[in-house]
Amino acid sequence: MSASDRGAGAGIRVVLADDQDLVRRGFRMILESEPGIEVVGEARNGDEAVTEVERLRPDVVCLDVQMPGTDGLEAARRIARLGGPTAVLVLTTFDRDDYLFEALRSGASGFLLKTTSPEKLIEAVQVVAAGNALLAPDVTKRVIERFASGSVSAPNPALAELTEREAEVLALLGRGMSNAEIAGRLFLGEATVKTHVSKVLLKLNLRDRVHAAVFAHENGLAGR
């Protein structure tokens, strides 16, 4: 059952993956202090995380990056290939662009430092469980700049499914614009822009607007 399919009173089911027992215990205490969040499983490495996600089908899996054996980034890639509803929230001690970049490429919907406050951790789980991405504006800009400085691959054939207006919206997502900014640029209402964004995500099979921005840069649209 996806986050969008849950009823109003349904809780958020979480799996925690970290090789440090005390860290997992601390995260469990924080998350379960919030009504509506339940930690249903734990893992000490990436292999165990994938197994638990496949077995439990949680709404969110919180993945540490550095774990013995299969790390969090490889686990995120394998979880994405499962094709299930589980959103990936990457947690790390290190604010490194290479981790951030690879986490997004691996299918993560959120990237958070372990030094964040308990309130921010709870908010992050709620945000990604609802099907949204969690990246601060400055982090989004770093992602965009990283893609802008790299090479562009051949355009994805799926782009042919987009209308001209949807392609324009995708290009502006690639430049890090909010719905309000896109509406102002294209002289549209915000509700109309929201509809276009939803159609873009659906047609391109993208999880959220952050991955849409990544897709736009990979396909040479963000410079339009």
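Residues 24 or more positions apart make up 67% of the contacts in the protein chain with a separation of 6 or more. The model is predicted. The protein chain has 224 residues, and 46% of them count as buried. Ten helices and five strands are found in the protein chain. About 11,100 Å² of the protein chain is exposed, with 51% of that area supplied by carbon and sulfur atoms.

**Strand β3 and its partners**

Strand β3 spans residues 60-64. Five of its five residues are buried, so β3 is largely enclosed by the rest of the structure. In a regular strand, side chains alternate between the two faces of the sheet. In β3 both faces are covered. Val60, Cys62 and Asp64 lie on one side and are buried. Val61 and Leu63 lie on the other, and they are buried too.

Which strands pair with β3? Strands β1 and β4 do. The table sets out the two pairings.

| Strand paired with β3 | Residues | Sense | Bridges | Citation |
|---|---|---|---|---|
| β1 | 12-17 | parallel | four | |
| β4 | 87-92 | parallel | five | |

Individual residues fix the register. Alanine 17 stands opposite leucine 63 of β3. Valine 60 stands opposite alanine 87 of β4. From β3 the chain passes through helix α3 (residues 72-82) to reach β4, a β-α-β crossover that is right-handed.

**The nonpolar core**

In soluble globular proteins, nonpolar side chains tend to be buried together. Here the largest nonpolar core holds 24 residues. Val61, Leu63, Ile79, Val88 and Val90 touch the most other members. At least two residues of this core come from each of β1, α2 (46-56), β3, α3, β4 and α4 (97-105).

What does valine 90 contact, beyond its neighbours within four places in sequence? Valine 90 is in contact with Leu63, Val65, Ala103, Ala108, Gly110, Phe111 and Leu112. Helix α4 has buried residues of its own: Tyr99, Leu100, Phe101, Ala103 and Leu104. Just after α4, glycine 107 adopts a positive phi of about 105°.

**Aspartate 64**

Aspartate 64 sits in strand β3. Is aspartate 64 buried or exposed? Its relative accessible area is 6%, so aspartate 64 is buried; the cut-off for buried is under 20%. Leaving out residues up to four places away in sequence, aspartate 64 touches Ala17, Asp18, Asp19, Gly72, Leu91, Thr92 and Lys114. Among these contacts, Ala17 is also the residue that stands opposite leucine 63. An unreviewed UniProt entry carries the annotation "modified residue: 4-aspartylphosphate", which covers Asp64. Such annotations may be inferred rather than shown by experiment.

**Leucine 162**

Further along the chain there is another buried position. Leucine 162 is found in the loop between α6 (137-148) and α7 (164-173). Its relative accessible area is 11%, so leucine 162 is buried. Which residues does leucine 162 touch, not counting those up to four places away in sequence? They are Ala167, Leu170, Val200, Lys203 and Leu204. Leucine 204 is 42 residues from leucine 162 along the chain, and 8.5 Å separates their C-alpha atoms.

Technical notes. Residues numbered from 1 in each chain as written. Predicted model: local features only at pLDDT ≥ 70, side-chain atom pairs only at ≥ 80, totals over all residues. Heavy atoms only, no water. Buried < 20%, exposed > 50% of the residue type's maximum accessible area, 1.4 Å probe, protein only. Pairing = 2+ DSSP bridges. Right-handed = clockwise from strand over helix to strand, strands pointing away. Core = buried A, V, L, I, M, F, W, Y, C linked by side-chain atoms within 4.5 Å. Contact = heavy atoms within 4.5 Å. Areas by Shrake-Rupley, 256 points an atom, 1.4 Å probe, with all protein chains shown as cover.
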